[in-house]
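User: Please take a close look at the empty space inside this model, and at the packing around it. Give the cut-offs for each term as it comes up.

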Amino acid sequence: MSPRHSASRPTHAGRTAPAPPAVSVGLVVAICLVAANLRTTLTGVGTLLPEIERGSGLTSSWGGLLSTLPLLTFAATSPLVARASHRWGGARLLVASLGVLAVGTVVRSLPSVVCLFAGTVILSAAIAFGNVLLPALIRRSVPARRIQGVSALYVTVMGLMAAVSSGISAPLAHTVPGSWHTALAWGVVFTVAAFLAWLPRMRGDRPQASTGGTHSPVPWRSRLAWQVTFFMGLQSLAFYTAVAWLPSILIDRGTSSTTAGWTLFYYQVVSLASSSLLPLLTRGRHDQRWTAAGASVLVAGGYTVLVAAPGLPVVACTLLGLGGGASLVLALTFQSQRAGSPGEAAALAGMAQSIGYLVAAAGPLLLGILHDVTHSWTLPLAALAVLGVATAVAGHGAGQDRHVGRPVN
């Protein structure tokens, strides 16, 4: 009988560990509060970037670096999480990272360019810990049959807060004292709420190192782990590139900045709907190969429409949102489902997110370089469509119903 259907599952030491208990409302709320913090402090920067550049004297190049810095920080920090979690305990480490996130958010909002960049690095490192820890905690605390549903719920909350942050950051900057400085810090209220929700859960958390648990190594030799990693990276590249450049693409084609902003909002709303509906459409299916491939093809189709029919941005954003929302849920779910234990989930998530976000960081930068060289968006968008096909190949492999551990042939 597979671990997915058994009442218990073997550990690395040969012992039998009980299956996760039923999902409590309190646990789901705590997970969603963490999810509310994983993009909120990042997506508002894009809409505030013109005001940040004017107010701080930054050039466009430095503004681009500010947008890319979180992804580079994710890539550098994610590999550290699994070992730290093994030593200190997942819940304890999550609480600490939430505290650091609050500090980083406040530091970034201070009236100093140094604080702007330093705070961005601090809060991005904290978010990287949350990104890796949450799939591992879900793998430990949620029954296997509920993992995709819980993952979809937290992705929905994460996407909702990202869309809200994109929409309200600029109006906040025009109405609150402190202008864009204050607007950068509004999400700290959710950080404090998540911190308080997870504090009681530290009580039963024990470091694996002190309980004889085995630290799971990063599965570098697993073909499946690499497929999960590249699927994570390429779907993230598609999302962060759209968030960074879609308004500019539409404005260059004659759309007003207001309409471009609402089009980006629409894209994120469709993505939310897709991520919410996916568990209902795939309930009971453990093999997700064609679901992941199909979602990636939709993203490729969206970028193709932007190239071939630039007058149909709503159609393009519908395809991008439908495919992107489903791909994100699957990418995060695979980091839990494709692992045989919480320790393996942390190791796989660390690998997928460190390399994955490094891949994603290249997207906005390379798109800008291609646009500067060609003075057109045609080649950059065509390149994204081709990468969508590559994402489908990676997703087809990552969707296999098995666990990591087999070496690459």
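Analyst: Cavities and their surroundings

By class, the lining of the second largest cavity consists of nine nonpolar residues, one polar and one charged. Here Ala, Val, Leu, Ile, Met, Phe, Trp, Tyr, Cys and Pro are nonpolar, Asp, Glu, Lys and Arg are charged, and the others, Gly among them, are polar. The model is predicted, so local features need pLDDT of at least 70 and side-chain atom pairs pLDDT 80 or more, while totals for chains, interfaces and linings use all residues. Residues are numbered from 1 along each chain as its sequence is written, and side-chain values use heavy atoms, without hydrogens or water.

The second largest cavity holds about 90 Å³ of space. Its lining is made up of Leu38, Arg39, Phe74, Asn131, Tyr154, Met158, Met232, Tyr240, Leu328, Leu332 and Tyr357. Helices α7, α10 and α13 each give at least two residues to that lining. A cavity is a set of points on a 1 Å grid over the protein atoms alone where a 1.4 Å probe fits but cannot get out; a pocket is an open set with protein on both sides within 12 Å along at least five of seven lines, and lining residues have an atom within 4 Å of a point. Points are joined across faces, edges and corners, and a volume is the space filled by probe spheres set on them.

In total the structure has six cavities of 30 Å³ or more. The largest cavity has a volume of about 290 Å³. It is lined by 27 residues, and the closest to its centre are Gln235, Phe239, Tyr267, Gly324 and Gly325. Sorted by class, this lining has 15 nonpolar residues, 11 polar and one charged. At least two lining residues come from each of α7, α10, α11, α12 (289-308), α13 (313-337) and α15 (378-398). The biggest share, six residues, is from α10. Helices α7, α10 and α13 thus serve the largest cavity as well as the second largest.

The largest pocket, an open space, has a volume of about 1500 Å³. It is lined by 47 residues, of which Gly46, Thr47, Leu49, Val243 and Ala244 are the closest to its centre. Two or more lining residues come from each of α2 (40-56), α3 (60-77), α7 (147-175), α10, α11 (257-281) and α14 (342-374). Its lining divides into 24 nonpolar, 19 polar and four charged residues.

Next, the packed parts. The largest nonpolar core comprises 91 residues, and Tyr154, Trp198 and Tyr303 have the most contacts inside it. Helix α10 (residues 223-252) is again the main contributor, with 14 residues of this core. A second core lies apart from it and has 13 residues, including Leu48, Leu49, Trp180 and Leu184. A nonpolar core is a set of buried Ala, Val, Leu, Ile, Met, Phe, Trp, Tyr and Cys residues joined through side-chain atoms within 4.5 Å. Tyr154 therefore belongs to the largest core and also lines the second largest cavity, just as Leu49 belongs to the other core and is among the residues closest to the centre of the largest pocket.

Contact means heavy atoms within 4.5 Å. Leaving out residues up to four places away in sequence, Trp198 touches Leu27, Ala30, Ile31, Val34, Ala91, Leu94, Val95, Leu98 and Leu137. Ser97, in helix α5 (residues 90-108), touches Ala126, Phe129 and Gly130 on the same terms. Ser97 is buried, at a relative accessible area of 7%. Leu153 sits in helix α7 and is partly exposed, at 37%. Buried is under 20% relative accessible area, exposed over 50%, partly exposed in between (1.4 Å probe, protein chains only). Leu153 touches Val28 and Cys32, not counting residues up to four places away in sequence. Its C-alpha atom is 8.9 Å from that of Val329, which is 176 residues away along the chain.

As for the protein chain as a whole, it has 15 helices and two strands; these are DSSP runs (helices H or I, at least four residues; strands E, at least two), numbered from the N terminus. Of its 409 residues, 54% are buried. Among contacts with a separation of 6 or more, 81% join residues 24 or more positions apart.
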